[in-house]
Amino acid sequence: MVFNPDFSSTLSLLFAAAVLAQWLLRAWLASRQVRHVAGHRAQVPEAFAQRISLAAHQKAADYTLAKARVALIDMTLGAVVLLAWTLLGGLDALNQQLLEWMGAGLWQQLALLASFALISGLVELPLSLYQTFVLEQRFGFNQMTLRLWLADAAKSTAMGAAIGLPIAALILWLMGSAGDLWWLWAWAVWTGFNLLLMWIFPTFIAPLFNKFDPLEDGPLKERVSALMQRCGFTAKGLFVMDGSRRSAHANAYFTGFGHSKRVVFFDTLLKQLDADEVEAVLAHELGHFKHRHILKRMLLMFAASLAGFALLGWLSQQLWFYLGLGVRPGLDLALGHSGIGAGNEAVALLLFLLAVPVFSFFVTPLFSALSRRDEFEADAYAMQQASGAHLASALLKLYEDNASTLTPDPWYVGFHYSHPPALARLARMPSPT
């Protein structure tokens, strides 16, 4: 391996420019969203005037503006922290300190991953608390107590350590011991782990955080079961989740894999919608199943992760990759020896996870557009299997109850929205009942 110092300086400049460009683009989009929403705050759009009150419309505008301001702080803090970890030497300092305390080896690398996660979580903590207990509280959405928040944090940390550290240890071991094709073996492990997680999540993990009760027998269950039978969908059960313990926002979703699939309704959803509307919402979710959107997204995720592991396999052997992102690699790599080198596996993994999102951010509009296309397809399927008017009515209620703005900026939508905006979506449906 021949090292050219120009590569590292070029990467440093390219990375810094990408971080700045990302921040400027996100800030510009956010400013457009703020101006557009604020500019339409005084009047309900004509298409919604008969169903949405001015007070509800203005609440949604104020909620959107408040979230945008917090998002600006979040993105600025994120950019500063990212540069601190990389070009300003934070990750290198943490790694060198742990090497001094523990020496090189797998335990030191696991300590580096755990320390990085802990420090990152602590940095993000104040803003997370503000979003939950100030912003969401102000608009009437937060139902969580501090005690419940602390319990969730403790469970999440314990679960992350119990599940994350063993899989991290295995991947780090493969990086150092499985030869030039370690990345292929690591990808296979990662893929298997994700499939296993999808299978065990609804039965073993989700119940640690929420209570899931079977949907009670009655007209709603009969209609939902008949709909699923018409659509050829089988599930292990229909459940109601106590989402109201944490938030007033409503939702419904499928979870699980294979025979462990479940249909889950938030209790808030069942309170807000009538039986016709619940059936229409479920028909939309079944549309994703019918069009294999979930399977396609899984395959896309696995293909992207394969490319990512292959790229990491190459970058982890390049000295300029480490130096260009502010880290001194282990001696073996610096001397050009084969293999990743002493203690570089965790460093390479963290640098990759820090750097790749900066560059992949610029293809966000493509994936947002694909997601919106899927939503339109699911809506069309729902209107074939249930009432389109009831689907429109349900969506309007959810837009109102969740304080979703009806007047987003088109450029912001194109970049960030995974679901079509209300006007575009409802234009394809019959008038609400």
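This note walks through a sheet, the helices beside it and two helix pairs in a predicted model.

1. **The sheet as a whole.** Start with the strands. Four of them, in the order E1-E2-E4-E3, make an open sheet. Its pairing is mixed. E1 and E3 (252-255) are the edge strands, each pairing on one side only. From one strand to the next, the twist averages 30°. As general background, strands of a sheet pair through backbone hydrogen bonds, and the pairing is either parallel or antiparallel.

2. **E1 against E2.** Strand E1 covers residues 212-214. It runs antiparallel to E2, and 3 bridges join the two. Two facing pairs help to find the register. Phenylalanine 212 stands opposite methionine 241 of E2. Proline 214 stands opposite phenylalanine 239, also in E2.

3. **E2 against E4.** On this pairing the direction is parallel. E2 and strand E4 (residues 262-266) are joined by 5 bridges. One landmark to look for is glycine 237, whose bridge partner in E4 is arginine 262.

4. **How covered is E2?** Strand E2 spans residues 237-241 and is mostly covered, with 5 of its 5 residues buried. Which residues sit on each side? Gly237, Phe239 and Met241 lie on one side, Leu238 and Val240 on the other, and all are buried. Both faces of E2 are therefore covered, taking buried as under 20% relative accessible area. Some of these names have appeared above. Phe239 faces proline 214, Met241 faces phenylalanine 212, and Gly237 is bridged to arginine 262.

5. **Helices across the sheet.** Two helices deserve a look here. Helix H7, residues 219-231, lies across E2 and E4. Its direction is about 130° to E2. Helix H9, residues 275-290, lies across E3 and E4. H9 runs at about 40° to E3.

6. **H3 and H4.** Now the helix pairs. Two packed helices are described by the angle between their axes and the distance between the axes. Helix H3 (residues 90-102) packs on helix H4 (residues 106-138) at about 135°, and the axes are 10 Å apart. That angle makes H3 oblique to H4. The crossing is right-handed.

7. **What touches between H3 and H4.** From H3 come Leu91, Leu94, Asn95, Leu98, Leu99 and Met102. They meet Trp107, Gln108, Ala111, Leu112, Ser115, Phe116 and Ile119 of H4. By class, this contact holds 10 nonpolar residues, 3 polar and no charged.

8. **H10 and H13.** Helix H10 takes in residues 293-315, and helix H13 takes in residues 345-360. Their axes come within 10 Å and cross at roughly 125°. Why call them oblique? Angles of 65 to 115 degrees count as roughly perpendicular and those over 145 as roughly antiparallel, so the crossing at roughly 125° leaves H10 and H13 oblique to each other. Their crossing is right-handed.

9. **What touches between H10 and H13.** Gly308, Leu311, Leu312 and Leu315 of H10 meet Ala348, Leu349 and Phe352 of H13. This contact has 6 nonpolar residues, 1 polar and no charged.

10. **A single residue in H10.** Methionine 298 also lies in helix H10. Is methionine 298 buried or exposed? Its relative accessible area is 13%, and buried means under 20%, so methionine 298 is buried. Take alanine 38 as a distant reference. Methionine 298 and alanine 38 are 260 residues apart in sequence. In space, C-alpha to C-alpha, methionine 298 and alanine 38 are 38 Å apart.

How values were computed. Residues numbered from 1 in each chain as written. Predicted model: local features only at pLDDT ≥ 70, side-chain atom pairs only at ≥ 80, totals over all residues. Heavy atoms only, no water. Axes fitted to C-alpha atoms, helices over the stretch in contact; angles between N-to-C directions. Helix = DSSP H or I, 4+ residues; strand = E, 2+ residues; numbered from the N terminus. Parallel < 35°, antiparallel > 145°, perpendicular 65-115°, else oblique. Left-handed = near helix turned anticlockwise from the far one by under 90°. Contact = heavy atoms within 4.5 Å. Nonpolar A, V, L, I, M, F, W, Y, C, P; charged D, E, K, R; others polar. Buried < 20%, exposed > 50% of the residue type's maximum accessible area, 1.4 Å probe, protein only. Pairing = 2+ DSSP bridges.
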